Amino acid sequence: MTSLDSGKIRQCLTKYQNAEITKKHIIKVLNLYKGLQYKVEPFVFNDGSRKELFNLQGTIPVPFKGTYYNIPICIWLMDTHPNNAPMCYVKPTADMDIKASIFVDHNGKIYLPYLHEWVPHTSDLLSLIQIMIVTFGEQPPVYARPRQGVQASSTPYPVQPFVPMPGSGAHVPSTNYPPYPHNSGSSGYGSGSNVYPPYMSTTSSGFPYQGPYGSYGGSGSNYPPQGVPGSFPYPPSTQPSPTVPATAGASGTITEEHIRASLLSAVEDKLRRRLKEQFSQLLAELETLHRTQQELTSGSAHLTYLFDSLKREKAELEKNITILQDKETELEKEIAKLSDNQSIDVDEAVTTIAPLYKQMLNAFAEEAATEDAIYYLGEALRCGIIDLDAFLKQVRQLSRRQFMLRALMQRCRQKAGLTG
């Protein structure tokens, strides 16, 4: 990847909280899987809100029965990546339909244990894609739609799971394309003992599939052309032959009983496969409904908490409004009293509750008057109203009186416990 592409990715991630970490994850994936491309598009959530999110869409190589196929996917990265798991979807082309299972629902959304157990700053996109490859290799998420003009006798069973043709890195003869992968009668859960696929270890050379991958968008360049001689649009039937009674071995003649046993076996196998597919689809839908129920339950609890908080805040606000109204009424009464009294006696305006406080108040008032008298004596001396001897004599007396008043105030404050 060039520095120009890296700069474009950095510019697209300007609104992401962890832009550098997200860019490193994206570059690792794009350097290894050339079939993926990055875009910034609006994503519509379930509540109808829209947000511009970064996504990776294209194809990934998936091995199925010895052949690599391109599976179209789309990975949406949240703006809090890697704190939250990405949202992954299978994006079928016009020639495909989604095959629902425990890993993919009918809308194409992918559910994996790795996404459910996503660990911030530990899980990454490269491991996620490798787990998708292993999972889809066991259970293909898409299957082919029936082609026009194909006789029913050539495909006696339901259309088998289909994935696109392998990329140009594999040698494909021009006249004989490999068939699409078989269903082999597997249900959505798979027949193996391990339901969840193991993690794929990352080697130094990356994924074993080399060469360019097919572009995403449903172009027909990766699919076998219609009507090519020698091509096989659907795999041959893998259904076991019906059991023939031992009596047929002697004569070698097919009787009505043999035909009836063959038809019964074919119908039984067909019904069994359909029941398994319906069971897997219904179980996948049930899992989706369970997850939706959990989300609704948690949302209901959150809304209940918000309603309780609003009720408490409303009660507190009404209480504060009542207190404010009482204070306002009291203030209006005091203003009315002041407006009725035209003349205010200064000596009666300020009253004390104890003789000690009254003595301290009188001393403070007298000390303030003494300070004012000293100031005005200085002004009189400056203006030449009194001479220096008279000024010094009066200032000496006032200063001595001021000192005694300040000492008295300090003594009163100590007695009243106001020193500090």
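Which residue in E2 stands opposite Lys-39? It's Asn-55, and the rest of this report looks at the sheet around that pair.

First, some ground rules. This is a predicted model, so local features need pLDDT of at least 70 and side-chain atom pairs count only at pLDDT 80 or more, while totals for chains, interfaces and linings use all residues. Residues are numbered from 1 along each chain as its sequence is written, and side-chain values use heavy atoms, with hydrogens and water left out.

**The chain as a whole**

The secondary structure comes to 9 helices and 6 strands; these are DSSP runs numbered from the N terminus, with at least four residues (H or I) for a helix and at least two (E) for a strand. Of the 420 residues in the chain, 32% are buried. Buried means under 20% relative accessible area, exposed means over 50%, and partly exposed lies in between (1.4 Å probe, protein chains only). About 27,000 Å² of the chain is exposed, and carbon and sulfur atoms supply 56% of that; the areas come from the Shrake-Rupley method with a 1.4 Å probe, and for residues only the protein chains shown count as cover. Now take the contacts (heavy atoms within 4.5 Å) with a separation of 6 or more: 62% of them link residues 24 or more positions apart.

**The sheet**

Four strands make an open sheet in the order E1-E2-E3-E4, with antiparallel pairing. Two strands count as paired if DSSP finds at least two bridges between them. The edges are E1 (36–44) and E4 (87–90), each pairing on one side only. From one strand to the next, the twist averages 30°.

Here are two of the pairings, along with their hairpins:

| Strands | Bridges | Residues between the strands | Residue with positive phi |
|---|---|---|---|
| E1 and E2 | 9 | 5 | Gly-48, near 90° |
| E2 and E3 | 11 | 2 | Lys-65, near 55° |

Other opposite partners are Phe-43 with Lys-51 in E2, and Leu-56 with Ile-75 in E3. Strand E2 is largely enclosed by the rest of the structure, because 11 of its 15 residues are buried.

Helix H4 (residues 125–138) packs on the sheet and touches E1, E2, E3 (67–77) and E4, with its direction at about 45° to that of E2. For such angles, axes are lines fitted to C-alpha atoms, for helices over the stretch in contact, and the angles run from 0 to 180 degrees between N-to-C directions.

**The nonpolar core**

A nonpolar core is a set of buried Ala, Val, Leu, Ile, Met, Phe, Trp, Tyr and Cys residues joined through side-chain atoms within 4.5 Å. The largest one has 44 residues, and Ile-26, Ile-60, Ile-75, Met-132 and Phe-136 touch the most other members. Its largest share, 8 residues, comes from H4. Setting aside neighbours within four places in sequence, Met-132 is in contact with residues including Ile-60, Ile-73, Ile-75 and Cys-88.

**A charged residue tucked in a loop**

Asp-79 sits in the loop between E3 and E4. Is Asp-79 buried or exposed? Its relative accessibility is 18%, so Asp-79 counts as buried. Its side chain makes a polar contact of 3.2 Å with that of Lys-51. A polar contact is a pair of N or O atoms within 3.5 Å; within protein, one must be able to donate a hydrogen and the other to accept it, and residues adjacent in sequence count only if both atoms are side-chain atoms. Beyond its neighbours within four places in sequence, Asp-79 also contacts residues including Lys-15, Tyr-16 and Leu-53.
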